[in-house]
Amino acid sequence: MLVVVAPGQGAQSPGLLAPWLEVDGVDARLQWMSAVCDVDLVAHGTTSDAETIRDTAVAQPLLVAAGLVAQESLGVGPATVSIAAGHSVGEITAAVVAGVLSAEQALVLVRERGRAMAAAASITPTG
């Protein structure tokens, strides 16, 4: 039995995608993901500081992209995973692993979700 659990916002850390760029094809895949979600995932996943990637509009696409890179690189998906679960934004990654959403659908969804949540949070100071 293989269980995939995807983390929610707050799990991001500076440089989290750097090791993945050593895997063949990941850079090109991240460039495509960046275009789909209109966020420079390579820069934010390698060189951006903690404050920059704390921004919800950046953090959420970054976390989903990291999950998708791992999922694709490890070759896991609906045929190999018994259970897929996610915490908060991790549910979007889990939906891809489970075959409910395509990677492109997930990236568009997380782009819009992250932007909307960031806009809502900017109305009143939050923690």
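**Contacts, helix packing and phi values**

Student: Leaving aside its neighbours within four places in sequence, which residues is Leu21 in contact with?
Tutor: The model is predicted. Contact here means heavy atoms within 4.5 Å. With neighbours up to four places away in sequence set aside, the partners of Leu21 are Val26, Asp27, Leu30, Val42 and Thr46.

Student: Where is Leu21 found?
Tutor: Leu21 is not part of a helix or strand but of a loop. The elements on either side are β1 (3-6) and α1 (26-37). Leu21 is thus found in the loop between β1 and α1.

Student: Does Leu21 count as buried, partly exposed or exposed?
Tutor: The relative accessibility of Leu21 is 28%. Buried requires under 20% and exposed over 50%. Because 28% falls in between, Leu21 counts as partly exposed.

Student: What distance separates the C-alpha atoms of Leu21 and Thr126?
Tutor: Along the chain, Leu21 and Thr126 are 105 residues apart. In space, the separation of their C-alpha atoms is 34 Å.

Student: Are α4 and α6 roughly parallel or roughly antiparallel to each other?
Tutor: Helix α4 (residues 56-74) packs with helix α6 (residues 103-123) at an angle of about 160°, and their axes are 7 Å apart. Angles over 145 degrees count as roughly antiparallel. The two helices, α4 and α6, are therefore roughly antiparallel.

Student: Is the crossing of α4 and α6 left-handed or right-handed, going by the model?
Tutor: The contact involves residues of both helices, including Val64 and Leu68 of α4 and Leu107 and Val110 of α6. As for its hand, the crossing of α4 and α6 is right-handed.

Student: How many residues of the contact of α4 with α6 are nonpolar?
Tutor: Among the residues of this contact are Pro61 of α4 and Met117 of α6, and both Pro and Met count as nonpolar. The contact also has 3 polar and 4 charged residues. The number of nonpolar residues is 9.

Student: What is the phi of Asp38 near?
Tutor: Asp38 lies in the loop between α1 and α2 and is exposed, with a relative accessible area of 57%. Most residues other than glycine have a negative phi. Asp38 is not a glycine, yet its phi is positive, near 55°.

Student: Where does Ser88 lie?
Tutor: Ser88 also has a positive phi, about 55°, without being a glycine. At 31% relative accessibility, Ser88 counts as partly exposed. Its place is the loop between β2 (83-86) and α5 (90-97).

Student: Which element of the protein chain has the lowest mean pLDDT?
Tutor: Over the protein chain, the mean pLDDT is 95, and 99% of residues reach 70 or more. Among the elements, helix α2 (residues 41-46) has the highest mean, 98. The lowest, 94, belongs to β1.

Key
Residues are numbered from 1 along each chain as its sequence is written. This is a predicted model: local features need pLDDT of at least 70, side-chain atom pairs count only at pLDDT 80 or more; totals for chains, interfaces and linings use all residues. Side-chain values use heavy atoms; hydrogens and water are left out. Helices (H or I, at least four residues) and strands (E, at least two) are DSSP runs, numbered from the N terminus. Buried means under 20% relative accessible area, exposed over 50%, partly exposed in between (1.4 Å probe, protein chains only). Axes are lines fitted to C-alpha atoms, for helices over the stretch in contact, and angles run from 0 to 180 degrees between N-to-C directions. Angles under 35 degrees count as roughly parallel, over 145 as roughly antiparallel, 65 to 115 as roughly perpendicular and the rest as oblique. A crossing is left-handed if the near helix is turned anticlockwise from the far one by less than a right angle, and right-handed if clockwise. pLDDT is the predictor's confidence in each residue, from 0 to 100.
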